[in-house]
Amino acid sequence: LGSDITAWNRKALWRNAIYISPDVRLLNGTIRDNLTLGQDFTDEQIRKAAEICLFDQVLEGVDGGLDAGMSGNSALSEGQAARLALTRAVLRQPRVLLLDEITRGLDAATEALLICNLFSALPEVTLVMISHRLEHAPEFDRVLVFENGGCQCASHEALLTRSDAYRQLFTAGKDETLNERG
């Protein structure tokens, strides 16, 4: 699986990898300021990234669009802030995108569409998603399960057959999703 990360140039790694934490921090300023962080991006580049990340839906509902003022995190919901942070990351075209509980503030339908968009729009990006919601685990090449200080790494199908912990988590998640949908 890949190469030894200790052999990588640390600066190159951080130039090519973006981590989005579950607690997104936003700046005072405009939505554009929060997306670009001082870098030059065209409105078209921002629009395309926003569409991929479903942030365009947020922009449509905000007076002033990209130039609307924000007062830090108070201006957006948790799910909206996550989509802004993801749009910010997509603008920078990373090779590796680490998403830590990025969908926790989204409903199931929005989460499904967002993940589908990421896979289709960013086929060359290594997408690492940390999540307790396992509904989309089958779409990933590899799934890692951490339990009792150990780690198992395999495809979704392989883990279903050989990991009791994963099978229980996945089944419980499916049951929870069915209950949410009625």
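**Exercise 1. Work out whether Arg-47 counts as buried, partly exposed or exposed, and find its charged partner.**

Step 1. Start with the surface: Arg-47 has 37% relative accessibility, so it counts as partly exposed. The cut-offs are under 20% relative accessible area for buried, over 50% for exposed and partly exposed in between, with a 1.4 Å probe and protein chains only.

Step 2. Before going on, note that this is a predicted model, where local features need pLDDT of at least 70, side-chain atom pairs count only at pLDDT 80 or more, and totals for chains, interfaces and linings use all residues. Residues are numbered from 1 along each chain as its sequence is written, and side-chain values use heavy atoms, with hydrogens and water left out.

Step 3. Now the partner. Arg-47 forms a salt bridge with Glu-44, with the closest N and O atoms 2.4 Å apart. A salt bridge here is a side-chain nitrogen of Lys or Arg within 4 Å of a carboxyl oxygen of Asp or Glu.

Step 4. Glu-44 is partly exposed too, at 37% relative accessibility. The two sit 3 residues apart in helix H3 (residues 43–52), which means about one helical turn separates them. Helices (H or I, at least four residues) and strands (E, at least two) are DSSP runs, numbered from the N terminus.

**Exercise 2. Trace the network of salt bridges that includes Arg-104.**

Step 1. Arg-104 and Glu-78 form a salt bridge, the closest N and O atoms being 2.4 Å apart. Glu-78 belongs to helix H5 and Arg-104 to the loop between S4 and H6, so this pair ties together parts 26 residues apart in sequence.

Step 2. Arg-104 also forms a salt bridge with Asp-23, and there the closest N and O atoms are 2.9 Å apart. Asp-23 is in the loop between strand S1 (17–20) and strand S2 (28–30), so this pair ties together parts that are 81 residues apart in sequence.

Step 3. Put the pairs together: Asp-23, Glu-78 and Arg-104 are linked in a network.

Step 4. Check the surface values. Arg-104 is partly exposed at 37%, Glu-78 is partly exposed at 42%, and Asp-23 is partly exposed at 47%. For scale, the whole structure has 8 salt bridges.

**Exercise 3. Find what the side chains of Asp-100 and Glu-101 make polar contacts with.**

Step 1. Place them: Asp-100 is in strand S4 (residues 96–100), while Glu-101 is in the loop between S4 and helix H6 (108–121).

Step 2. Look for salt bridges. Asp-100 is buried and has none, its nearest side chain of opposite charge being Arg-104, 7.3 Å away. Glu-101 is also buried without a salt bridge, and Arg-104 is its nearest side chain of opposite charge, at 6.3 Å. For the charge count, Lys and Arg are positive and Asp and Glu negative, with His and the chain ends not counted.

Step 3. Look for polar contacts instead (N or O atoms within 3.5 Å; within protein, one must be able to donate a hydrogen and the other to accept it, and residues adjacent in sequence count only if both atoms are side-chain atoms). The Asp-100 side chain has one with the side chain of Tyr-19, at 2.6 Å. The Glu-101 side chain has one with the side chain of His-132, at 2.4 Å.

Step 4. Add the contacts (heavy atoms within 4.5 Å). Leaving out residues up to four places away in sequence, Asp-100 touches Tyr-19, Ile-20, Ser-21, Pro-22 and Ile-130. With that same exclusion, Glu-101 touches Pro-22, Ile-130, Ser-131 and His-132.

**Exercise 4. Decide how enclosed H5 is, and describe the surroundings of Leu-76.**

Step 1. Of the 14 residues of H5, 12 are buried, so the helix is largely enclosed by the rest of the structure. Among the buried ones are Ala-81 and Leu-84.

Step 2. Just after H5, Gln-93 takes a positive phi of about 50 degrees.

Step 3. Move to Leu-76, in the loop between strand S3 (69–71) and H5. Leu-76 counts as buried, at 12% relative accessibility.

Step 4. Not counting residues up to four places away in sequence, Leu-76 touches Leu-26, Phe-55, Val-58, Met-70, Ala-81 and Leu-84. The C-alpha atoms of Leu-76 and Val-58 are separated by 9.0 Å, with their positions 18 residues apart along the chain.
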